[in-house]
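User: I would like to go through the architecture of a chain whose sequence and coordinates follow. Please reason from the structural elements to each answer.

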Amino acid sequence: MDFNMKKLASDAGIFFTRAVQFTEEKFGQAEKTELDAHFENLLARADSTKNWTEKILRQTEVLLQPNPSARVEEFLYEKLDRKVPSRVTNGELLAQYMADAASELGPTTPYGKTLIKVAEAEKQLGAAERDFIHTASISFLTPLRNFLEGDWKTISKERRLLQNRRLDLDACKARLKKAKAAEAKATTVPDFQETRPRNYILSASASAGTGSRVQLSSSPLSCWPLLLPSPQLWNDEVDKAEQELRVAQTEFDRQAEVTRLLLEGISSTHVNHLRCLHEFVKSQTTYYAQCYRHMLDLQKQLGSSQGAIFPGTFVGTTEPASPPLSSTSPTTAAATMPVVPSVASLAPPGEASLCLEEVAPPASGTRKARVLYDYEAADSSELALLADELITVYSLPGMDPDWLIGERGNKKGKVPVTYLELLS
């Protein structure tokens, strides 16, 4: 292998000089070139962006794949540049178990029929989850990884180069300072080349028939001359140090400008991440809307079968649905809650023309219900609700299982079951 010893020695010398400068700076024995405040702010913002991007990336991966073993497996496949094998979601696995149980316990029994219906809903939920994970990985996780593995590595490399250029610049400044101090000291010393006289003894001893051997020796009171550099030599040293300083300053300024441009590009990174964040929220909203729609359909199916199996009981759930983000006003509640179909659109043709003024509550079967959050009536057949109020509710034959008749004082109208907590 061909080694360039001169280059190797030069690199070793530069490394040693930087190490000495860095150590002296840490101990406060050398001056350090400080960056301007704007540059320091750019560095701090870049570091903060990198740290929070890593945290958001890791937590999003946990959200999409809670199983750590599966995450490690996906990471290895990604590093090996191989396609990640398709994995069954928990919802799809639960659906398979329910379908197998219904097949073994009897698909014609009420329990078996219900298992089949729930299994189909869980399968749809699993498919929706798979689509959400795939979309979120492409639109959100991939851009974050590209920033950490691409842009940030470039920024880190240029920052290390800037640090080396700064150490070189400060070392040149220190060398020039020492050269100027030595030059000033040399001008005050008399100009002579040696401080001790030369006193050499040249002795020769004859050799037998072959010639003579010359030996150089010195007496105890004599020595080699002690030379001191003249002021002219120090002037040359100062000129050389100034030239090196100019070169180091130019390289430092050039590297600082390159690093500054990369750091200012963090603003574009924020804009890109903002766009990706909107895509992530959109995909998550679509996922939860699909889940709500599938569960609403399942609730309707189970509600109709529950009315046939347990006649005379209320149809619906006593557990509240997920509340909206804010329930301060009916407008906000209507915007944040999933759209609940009106009774007129879901009810049979005969029920759509039902006159509420002619409806009388049944002699038995009425219950009290607490309103979970505000609801704005879609038309005159519905009753507007306010959170935490108590109303009387009852069901009529043939009504959609997701709706009840609600009464508050002399007001009467249809109300959605999902907005109510039925009290015993």
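User: In the hairpin of β5 and β6, which residue takes a positive phi?

Analyst: The model is a predicted one. Strand β5 covers residues 403-408 and strand β6 covers residues 411-416, and two residues lie between the strands of this hairpin. Of the hairpin, the residue with a positive phi, near 65°, is G409.

User: How many bridges pair β5 with β6, and in which sense do these strands run?

Analyst: Two pairs of facing residues illustrate the register. R408 of the hairpin stands opposite K411 in β6, and I405 stands opposite K414 in β6. The pairing of β5 and β6 is antiparallel, and the number of bridges is six.

User: In what order do the strands of the open sheet lie?

Analyst: The pairings can be followed from strand to strand. Strand β3 (residues 367-371) joins β4 through four bridges in the antiparallel sense, and β4 joins β5 through three bridges, also antiparallel. Beyond β5 comes β6, paired with it over six bridges. With five strands in the open sheet, the order is β6-β5-β4-β3-β7.

User: Which strands stand at the edges of this sheet, and why is one side of each left without a neighbour?

Analyst: The sheet is open and has the order β6-β5-β4-β3-β7. A strand at an edge has a single partner strand, so one side of it has no neighbour in the sheet. The strands in this position are β6 and β7 (420-422).

User: By how many degrees are neighbouring strands of the sheet turned against each other on average?

Analyst: The strands concerned are those of the antiparallel order β6-β5-β4-β3-β7. With direction ignored, the average turn between neighbouring strands of this sheet is 40°.

User: What is the bridge partner of V393 in β5, and which residue stands opposite V393 on the β3 side?

Analyst: V393 belongs to strand β4 (residues 390-394), which is mostly covered, with four of its five residues buried. Opposite V393 in β4 stands R367. In β5, the bridge partner of V393 is G406.

User: Are helices α4 and α5 roughly parallel or roughly antiparallel?

Analyst: Helix α4 spans residues 90-105 and helix α5 spans residues 110-186; they pack at an angle of about 165°, with axes 7 Å apart. Angles over 145 degrees count as roughly antiparallel. The relation of α4 to α5 is therefore roughly antiparallel.

User: What is the handedness of the crossing of α4 and α5, and how do the contact residues divide?

Analyst: The crossing of α4 and α5 is left-handed. Its contact includes L94, A95, M98 and L105 of α4, together with L115, I116, V118 and A119 of α5. Charged residues take part as well, among them E92 of α4 and K123 of α5. The contact of α4 with α5 divides into 13 nonpolar, three polar and four charged residues.

User: How are α2 and α5 oriented to each other?

Analyst: The axes of helix α2 (residues 37-64) and α5 come within 10 Å and cross at roughly 150°. The crossing of α2 and α5 is left-handed, and the residues of their contact comprise 16 nonpolar, four polar and six charged. The angle lies over the 145 degrees limit, and α2 and α5 are therefore roughly antiparallel.

User: What share of the chain's residues counts as buried?

Analyst: The secondary structure of the chain comprises 10 helices and seven strands. Among contacts with a separation of 6 or more, 71% involve residues 24 or more positions apart. Of the 424 residues, the share that counts as buried is 31%.

How values were computed:
Residues numbered from 1 in each chain as written. Predicted model: local features only at pLDDT ≥ 70, side-chain atom pairs only at ≥ 80, totals over all residues. Heavy atoms only, no water. Pairing = 2+ DSSP bridges. Axes fitted to C-alpha atoms, helices over the stretch in contact; angles between N-to-C directions. Parallel < 35°, antiparallel > 145°, perpendicular 65-115°, else oblique. Left-handed = near helix turned anticlockwise from the far one by under 90°. Contact = heavy atoms within 4.5 Å. Nonpolar A, V, L, I, M, F, W, Y, C, P; charged D, E, K, R; others polar. Buried < 20%, exposed > 50% of the residue type's maximum accessible area, 1.4 Å probe, protein only.
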